[in-house]
Amino acid sequence: MASNIELLGAIARARGLLPVLLLLPLAADATLDAPLGLRVLIGAAAAYLVGLPLGTMFPRLIRDVSITHPSLVSWVWAANGTASVIGAVLATLVALASGFTALGLAACACYVLAAVRPQTSLRDDHIARAVFAGHHRQT
C-alpha cells in the first residue's frame, strides 16, 4: 500500500481540486459578458490549478518503479499510453453525459485510487519475477 505521506498528499491534492471544480462553473457563468482576455485568464488559471497537482502522479510512479524495478519502466509507459487512450474516450463520454464538473470529480477519485495503488505489487518478488521473466522471453 502507498505510504501514508503519499496517500495524504494525494488526498490533499484532490481536496484542493474540489473548490476549483465546484467554483469554475460559477466563475464561467459570472464572466460570460467579460472580455475574452479575462475569460482566457480564468480558464488558464483553472487549467493550472487542476493540471499541476494531477500531473505529478505519473512522474512519481516512474521514479518509484525506476528505483525498485528499472526493467519495468517501459511497461509503466505502455500502461500509461493505454490508459490515456481509454481515458480520453471515457472522459468524453462522462463529460457529455454528466458535465465537466462530474468529469473533474471522477478524475480526482481516479487519482486518489492511483495513489492508494498497492505498491507491494511492484516490490512483491513473485509478481516482479513473473513480469520480468515474461519481459526477457519476449526480447
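## Helix 3 and its buried face

Let's start with helix 3 of this predicted model. Four of its residues, Met57, Ile62, Asp64 and Val65, are buried. Looking down the axis of helix 3, you'd find these buried residues within an arc of 165 degrees, so they line one face of the helix. There's a handy rule behind patterns like this: an α-helix has 3.6 residues a turn, so residues three or four places apart point the same way.

How many residues does helix 3 have, and how far does it reach from its first C-alpha to its last? Helix 3 has 12 residues and reaches 17 Å, close to the 16 Å you'd expect at 1.5 Å a residue.

## A salt bridge on helix 3

Side chains of opposite charge can pair when their charged atoms come close. If you search the whole structure for salt bridges, you'll find one. Its partners are the side chains of Arg63 and Asp64, with 3.1 Å from N to O.

Are the two partners buried or partly exposed? Arg63 has a relative accessible area of 42%, so it counts as partly exposed. Asp64 is buried, because its relative accessible area is 11% and the cut-off for buried is under 20%.

## An aromatic pair between helices 3 and 4

Now for the rings. The structure has one aromatic pair. Phe58 and Trp77 make up this pair in an edge-to-face arrangement, with 4.8 Å from centre to centre and 80 degrees between the planes. Phe58 sits in helix 3 and Trp77 in helix 4, so the pair ties together parts that are 19 residues apart in sequence.

Is Phe58 buried or partly exposed? Its relative accessible area is 21%. Buried means under 20%, so Phe58 counts as partly exposed.

## The loop into helix 4

Between helix 3 (57–68) and helix 4 there's a loop, and Leu72 lies in it. With a relative accessible area of just 8%, Leu72 is buried. Leu72 and Ile62 are 10 residues apart in sequence, and their C-alpha atoms are 9.4 Å apart in space. Ile62, as you saw, is one of the buried residues of helix 3.

## Helix 4, from end to end

Helix 4 covers residues 73–98. Does the span of helix 4 agree or disagree with what its 26 residues should give? At 1.5 Å a residue they should span 38 Å, and the end C-alpha atoms are 35 Å apart, which agrees. Val73, Val76 and Ala95 are buried in this helix. Just after helix 4 comes Gly99, which takes a positive phi of about 100 degrees.

Helix 4 also has something to show on the outside. Ile86 lies in this helix, and together with Val89, Leu90 and Leu93 it forms a nonpolar patch on the surface. The accessible area of the four residues adds up to about 380 Å². Ile86 itself has 47% relative accessibility, so it counts as partly exposed.

## Helix 2 and its two sides

Step back along the chain to helix 2, which runs over residues 36–54. Its 19 residues reach 27 Å from first C-alpha to last, close to the 27 Å expected at 1.5 Å a residue.

Which residues of helix 2 are buried? They are Ala46, Pro53 and Leu54. These buried residues cover an arc of only 120 degrees around the axis, which puts them on the same side of helix 2. The face turned away from that buried side carries exposed residues: Leu36, Gly37, Val40, Leu41 and Tyr48.

## Helix 1 and a far-off partner

Pro25 is found in helix 1 (residues 4–30). With 32% relative accessibility, Pro25 counts as partly exposed. Now try finding Thr101 in the structure: Pro25 and Thr101 are 76 residues apart in sequence, yet their C-alpha atoms are 7.8 Å apart in space.

## The whole chain

Zoom out, and you can count seven helices and zero strands. Reading along the sequence gives the pattern α-α-α-α-α-α-α. What share of the 139 residues in the chain is buried? Buried residues make up 21%.

Definitions and conventions:
Residues numbered from 1 in each chain as written. Predicted model: local features only at pLDDT ≥ 70, side-chain atom pairs only at ≥ 80, totals over all residues. Heavy atoms only, no water. Patch = residues over 30% accessible without salt bridge, like charges linked within 9 Å, V, L, I, M, F, W, Y side chains within 5 Å. Areas by Shrake-Rupley, 256 points an atom, 1.4 Å probe, with all protein chains shown as cover. Helix = DSSP H or I, 4+ residues; strand = E, 2+ residues; numbered from the N terminus. Buried < 20%, exposed > 50% of the residue type's maximum accessible area, 1.4 Å probe, protein only. Expected span 1.5 Å × (residues − 1). Arc of directions from axis to C-beta. Phe/Tyr/Trp six-rings, centres within 6.5 Å; stacked < 30°, edge-to-face > 60°.
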